[in-house]
Amino acid sequence: MALHYTNPNDWGRSPLSDSALRLQQLKAELEADNKSALTKPKIIEITKEFNPAIWELLQPPSEEEH
């Protein structure tokens, strides 16, 4: 009989099966996290206060520099 971590009746049968179920659960969570990380780009807000060096690079050149 196959055990599955989402089935509450499968938990508590033995320490070995509980360990296997926990590993199955962790694997599913990691796969979901990896899929989420690959599909949703993280948005980084660049502000003058928190990223001054990058902020300066992103500014258009001033007329005085020409």
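Is L26 buried, partly exposed or exposed? In this predicted model, L26 counts as partly exposed, because its relative accessibility is 34%. The chain around L26 holds two helices and zero strands, and its radius of gyration is 25 Å, whereas a compact globule of 66 residues would have a value near 11 Å. The points below start with the chain as a whole and then turn to single residues in helix α1, in the loop that follows, and in helix α2.

**The chain as a whole**

- Along its principal axes, the C-alpha trace of the chain spans about 75 × 20 × 15 Å, which can be read beside the radius of gyration of 25 Å.
- Of the 66 residues in the chain, 6% are buried, and two residues that count as buried, S17 and T47, are described further below.
- When contacts between residues at least 6 apart in sequence are considered, 0% of them join residues that are at least 24 apart.

**Surface and charge**

- The chain exposes about 6,200 Å², and carbon and sulfur atoms supply 59% of that area.
- The chain carries 7 positive and 11 negative charges, and the mean positions of these two groups lie 15 Å apart.

**Helix α1**

- Helix α1 covers residues 15–39, and among the residues placed in this helix are S17, L26 and E31.
- S17 is buried because its relative accessible area is 11%, which falls under the 20% limit used for that class.
- Leaving aside neighbours within four places in sequence, the residues in contact with S17 are L3 and D10.
- L26, the partly exposed residue of the opening question, is 21 residues away from Y5 in sequence, and the two are 9.6 Å apart in space, taken from C-alpha to C-alpha.
- E31 has a relative accessibility of 47% and therefore counts as partly exposed, since the exposed class begins over 50%.
- The C-alpha atoms of E31 and Q59 are separated by 39 Å, with their positions 28 residues apart along the chain counted as the sequence distance.

**The loop between the helices**

- T47 lies in the loop that runs between α1 (15–39) and α2 (52–58).
- Although T47 is in a loop, T47 counts as buried because its relative accessibility is 15%.
- If residues up to four places away in sequence are not counted, T47 touches P52 and W55.

**Helix α2**

- Helix α2 covers residues 52–58, and I54 is one of the residues that lie in helix α2.
- With a relative accessible area of 40%, I54 is partly exposed, because this class takes in values between the 20% limit for buried and the 50% limit for exposed residues.
- I54 and L38 are 16 residues apart along the chain, and their C-alpha atoms are separated by 25 Å.

Notes: Residues are numbered from 1 along each chain as its sequence is written. This is a predicted model: local features need pLDDT of at least 70, side-chain atom pairs count only at pLDDT 80 or more; totals for chains, interfaces and linings use all residues. Side-chain values use heavy atoms; hydrogens and water are left out. Helices (H or I, at least four residues) and strands (E, at least two) are DSSP runs, numbered from the N terminus. Buried means under 20% relative accessible area, exposed over 50%, partly exposed in between (1.4 Å probe, protein chains only). Contact means heavy atoms within 4.5 Å. The radius of gyration is taken over C-alpha atoms; the globule rule is 2.2 Å times the number of residues to the power 0.38. Accessible areas come from the Shrake-Rupley method with a 1.4 Å probe; for residues, only the protein chains shown count as cover. Lys and Arg count as positive and Asp and Glu as negative; His and the chain ends are not counted. The place of a charge is taken as NZ of Lys, CZ of Arg, CG of Asp or CD of Glu.
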